[in-house]
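Please look through the structure below, and keep it open while reading. The text that follows goes from one residue to its surroundings, and then on to other parts of the chain.

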Amino acid sequence: MQPEEGINRELGLGEAISKTFQVFRQDFAKYFVLYAVVGIIVQVATTLAQQAFVVPMLPMNPTPQQVSNFFSGLFGALFLLIGVIFVVNIIFSTIAQGSAITLASERITKRQASLGASIRFAASKLLSIWAVSIIVGIIVFLGILALIVPGIILAIMYSLALPVLLIEKKGVFESMSRSRQLVSHRWAKTFGTFLVLGIIVIIASLIFGAITSPFGIAGTIVNGILTALYQPLFPILLAVYYYSNLARTAQAQAPPAQMPMAPTTPLQAGMKLCPVCGAQNFTSATFCTKCGAKLN
């Protein structure tokens, strides 16, 4: 695959962040609708689950039986609550992320993007996205357990596995291997790029959380809508950074330009060609009469 017309060279850190916001602005309405709907679904499901699975309270001076009932009820409620939240997030948030990467890719390569087509494509790849996310997540988690630094390195190595899966339509393990190739020799830059955007997203989430917290249950829904103002940035950056590294690796693999050969004419009897300029010389000549090169 060759680099596309939108990003035909490797972008610097600042350029990658700037390009991310540019792509976001170009299709802002589509990203906002996508993530606002998902945010509302997640927040409503979370709120309903919290009300349905109430965590029991331990009475004053409880009896051993009451303590036993409390812990059984506590673990049961937490298990159901976490289960509902996990299922809702892993379905809708995953589709939103895959759709955003596809939208960004279509905008960069074709100058147009269809929200409906991107959602359908992401939904069709849902199992593969889950597989990549789970495998990479387990690998990174095990790396973090090994003194944190290996986990960071592994996260960098496989950071582009998801856009490779969606854009190049490769398999799960092929996508992981391809991600390692794309970010090779760019580990520090990759870490810095995602760290900068991560700081921006964290600041935005803290601001919106502080604004909506006084509104109670209604605030959670409003916060779910406002998250659409910054949540698409990460999947968009994944697409932008993928194409940036694709352009870099493609340029590195391009064959060197060859020197143009001089036009030749039919070789006459008793003549031989100069290996440098292609001029015809008598067979007895030692040096070319045109360029002076030594003749064989």
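F191 is partly exposed, because its relative accessible area is 40%, and a residue counts as buried only under 20% and as exposed only over 50%. This value, like the others here, was computed from a predicted model. F191 is placed in helix α9, which covers residues 187-212.

F191 also belongs to a nonpolar patch on the surface, with an area of about 790 Å². The other members of this patch are I144, I148, I152, L195, I199, I203, I207 and I211. Helix α9 gives the patch its largest share, namely 6 residues.

The next part to look at is helix α5, which runs over residues 126-145. Its 20 residues reach 28 Å from the first C-alpha to the last, and this is close to the 28 Å expected at 1.5 Å a residue. Which residues of α5 are buried? They are L126, I129, V132, V136, V140 and G143. Looking down the axis of α5, one finds these buried residues within an arc of 125 degrees, so they line one face of the helix. A general rule helps in reading such a pattern: an α-helix has 3.6 residues a turn, so residues three or four places apart point the same way.

What do the buried residues of α5 pack against? Their partners are the helices α3 (64-110), α4 (115-124), α6 (149-157), α7 (161-168) and α8 (172-183). On the other side of α5, the residues L127, L142 and L145 are exposed. After α5 comes L147, which has a positive phi, near 70 degrees.

One more residue of helix α5 can be followed in detail, S128. S128 counts as partly exposed, because its relative accessibility is 26%. Not counting residues up to four places away in sequence, S128 touches L165 and V172. S128 can also be compared with L162: the two are 34 residues apart in sequence, and their C-alpha atoms are 9.2 Å apart in space.

A second serine, S244, is found in helix α11, which spans residues 233-253. Is S244 buried or exposed? S244 is buried, because its relative accessible area is 0%, and the cut-off for buried is under 20%. Which residues is S244 in contact with, leaving aside its neighbours within four places in sequence? They are I7, R9, E10 and L11.

Terms used: Residues are numbered from 1 along each chain as its sequence is written. This is a predicted model: local features need pLDDT of at least 70, side-chain atom pairs count only at pLDDT 80 or more; totals for chains, interfaces and linings use all residues. Side-chain values use heavy atoms; hydrogens and water are left out. Helices (H or I, at least four residues) and strands (E, at least two) are DSSP runs, numbered from the N terminus. The expected span of a helix is 1.5 Å times one less than its number of residues. Buried means under 20% relative accessible area, exposed over 50%, partly exposed in between (1.4 Å probe, protein chains only). The arc is that of the directions from the helix axis to the C-beta atoms. Contact means heavy atoms within 4.5 Å. Patches are made of residues with over 30% relative accessible area and no salt bridge: like charges are joined within 9 Å, nonpolar side chains (Val, Leu, Ile, Met, Phe, Trp, Tyr) within 5 Å. Accessible areas come from the Shrake-Rupley method with a 1.4 Å probe; for residues, only the protein chains shown count as cover. A salt bridge is a side-chain nitrogen of Lys or Arg within 4 Å of a carboxyl oxygen of Asp or Glu.
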